[in-house]
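Reader: I would like to go through a protein model step by step. Please show it first.

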Amino acid sequence: AVLININEAAGESAAAGIRAEGGLATFRRCDVTSAADCERTAAEIAADLGGIHILFNNAGVIRRQSVTELEERDWDLVLNVSLKGVYLLSKYVIPVMERSGGGSIINTGSGWGLKGGDRAAAYCAAKAGVVNLTRAMAIDHGPANIRVNCVSPGDTDTPLLRDEAKQLQQDEAAFLVASAGGRPLERLGTPRDIANAVLFLASDLSAWVTGSVLVVDGGGIA
């Protein structure tokens with residue numbers, strides 16, 4: 001696997017963690033909001049590996065503000081990272097996938113891409129865009145044997161969720177408890193919960209699945 005991130009320390013750490021567990025992983029710095037970065041990264045990975053068969057578009061940021069609170073620069077940041085990044089990486093990876101005989105693209109949406117959420121206007125807009133972009137890409141690139149699906153997590157115990165507590169000026173522990181509340185499974189998601197869903201969509205177990213949205217949220221929007 002090749003991990004890409006704008007945060008070099010985090011990317012190198014994640015790759016090292018995969019290698020420590022016996023996996024194969026390298027890291028490349030890439031700003032997913034930059035067309036030049038995405039084009040260069042796709043070309044370099046294709047040259048190194050001889051092709052690309054799986055793309056997981058997982059970059060995202062959130063700003064917990066309504067439209068009246070939100071500064072234009074933060075709207076642009078959320079849309080550029082969470083939605084434009086999916087477009088740019090896919091733009092340059094899909095031709096490589098076509099030459100490789102096909103592949104699977106998994107985009108990270110959100111439960112808030114399917115329903116509204118409070119004080120998260122830009123994030124809701126971006127993730128709704130990811131959901132329908134996924135469907136459009138599945139239609140366009142299915143004939144090239146490229147499947148495109150979306151995994152839509154609910155609240156998952158990640159640094160992004162914990163940062164939301166800070167943005168809303170709430171106690172972190174209480175915020176996490178509240179985030180888990182009301183779900184039939186009565187807990188937060190874990191990164192492994194989401195990774196297992198992505199693995200399914202990346203693998204041949206989902207060989208006839210494309211254009212779908214897999215909600216992984218403990219029943220939160222059931």
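The questions and answers below take up some features of this predicted model.

Reader: How far apart are the end C-alpha atoms of helix 3, and what span should its residues give?
Author: Helix 3 covers residues 72-100, which is 29 residues. The expected span is 1.5 Å times one less than the number of residues. That rule gives 42 Å for helix 3, and the value from the model agrees with it, the end C-alpha atoms being 40 Å apart.

Reader: At which residue does helix 3 bend, and by about how many degrees?
Author: The bend is the angle between two fitted axes, one for the seven residues ending at a position and one for the seven starting there. In helix 3 the bend is found at lysine 84, and the angle is about 45°.

Reader: Which residue just after helix 3 takes a positive phi?
Author: The place to look is just after the helix, where phi is about 95°. The residue with this positive phi is glycine 101.

Reader: Is aspartate 37 buried or exposed, and which residue is its salt-bridge partner?
Author: A residue counts as buried under 20% relative accessible area. Aspartate 37 has 16%, so it is buried. Its closest N and O atoms in the salt bridge are 3.8 Å apart, and the partner is arginine 29. For arginine 29 the relative accessibility is 35%, which makes that residue partly exposed.

Reader: Why are arginine 40 and glutamate 44 separated by about one helical turn?
Author: Both residues belong to helix 2 (residues 35-49). Their side chains meet in a salt bridge at 3.4 Å, N to O. Arginine 40 is partly exposed at 33%, and glutamate 44 is partly exposed at 27%. They are separated by about one helical turn because they lie four residues apart in the helix.

Reader: Which residue forms a salt bridge with arginine 187?
Author: Side chains of opposite charge can pair when their charged atoms come close. For arginine 187, which is partly exposed at 40%, the closest N and O atoms of the pair are 2.8 Å apart. The partner has a relative accessible area of 24% and is partly exposed; it is aspartate 193.

Reader: Which residues do salt bridges that share partners join into one network?
Author: The count of salt bridges comes to 14. Those that share partners link several residues into one network. Its members are Glu8, Arg28, Arg29, Asp37, Arg40, Glu44 and Asp48.

Reader: Where is serine 110, and which backbone nitrogen does its side chain reach?
Author: Serine 110 is in the loop between strand 4 and helix 4. With a relative accessible area of 7%, serine 110 is buried. Its side chain reaches a backbone nitrogen at 3.0 Å, that of tryptophan 112.

Reader: Which residues make the nonpolar surface patch of about 200 Å²?
Author: One of them, leucine 114, lies in the loop between strand 4 (103-108) and helix 4 (121-141). Leucine 114 has a relative accessible area of 39%, so it is partly exposed. The residues of the patch are Leu114, Val215 and Ile221.

Reader: What separates the C-alpha atoms of glutamate 186 and glycine 218?
Author: Glutamate 186 lies in the loop between helix 6 (172-180) and helix 7 (191-202). At 67% relative accessible area, glutamate 186 is exposed. Glycine 218 is 32 residues away along the chain, and the C-alpha atoms of the two are separated by 7.3 Å.

Technical notes:
Residues are numbered from 1 along each chain as its sequence is written. This is a predicted model: local features need pLDDT of at least 70, side-chain atom pairs count only at pLDDT 80 or more; totals for chains, interfaces and linings use all residues. Side-chain values use heavy atoms; hydrogens and water are left out. Helices (H or I, at least four residues) and strands (E, at least two) are DSSP runs, numbered from the N terminus. Patches are made of residues with over 30% relative accessible area and no salt bridge: like charges are joined within 9 Å, nonpolar side chains (Val, Leu, Ile, Met, Phe, Trp, Tyr) within 5 Å. Accessible areas come from the Shrake-Rupley method with a 1.4 Å probe; for residues, only the protein chains shown count as cover. A salt bridge is a side-chain nitrogen of Lys or Arg within 4 Å of a carboxyl oxygen of Asp or Glu. Buried means under 20% relative accessible area, exposed over 50%, partly exposed in between (1.4 Å probe, protein chains only). A polar contact is a pair of N or O atoms within 3.5 Å; within protein, one must be able to donate a hydrogen and the other to accept it, and residues adjacent in sequence count only if both atoms are side-chain atoms.
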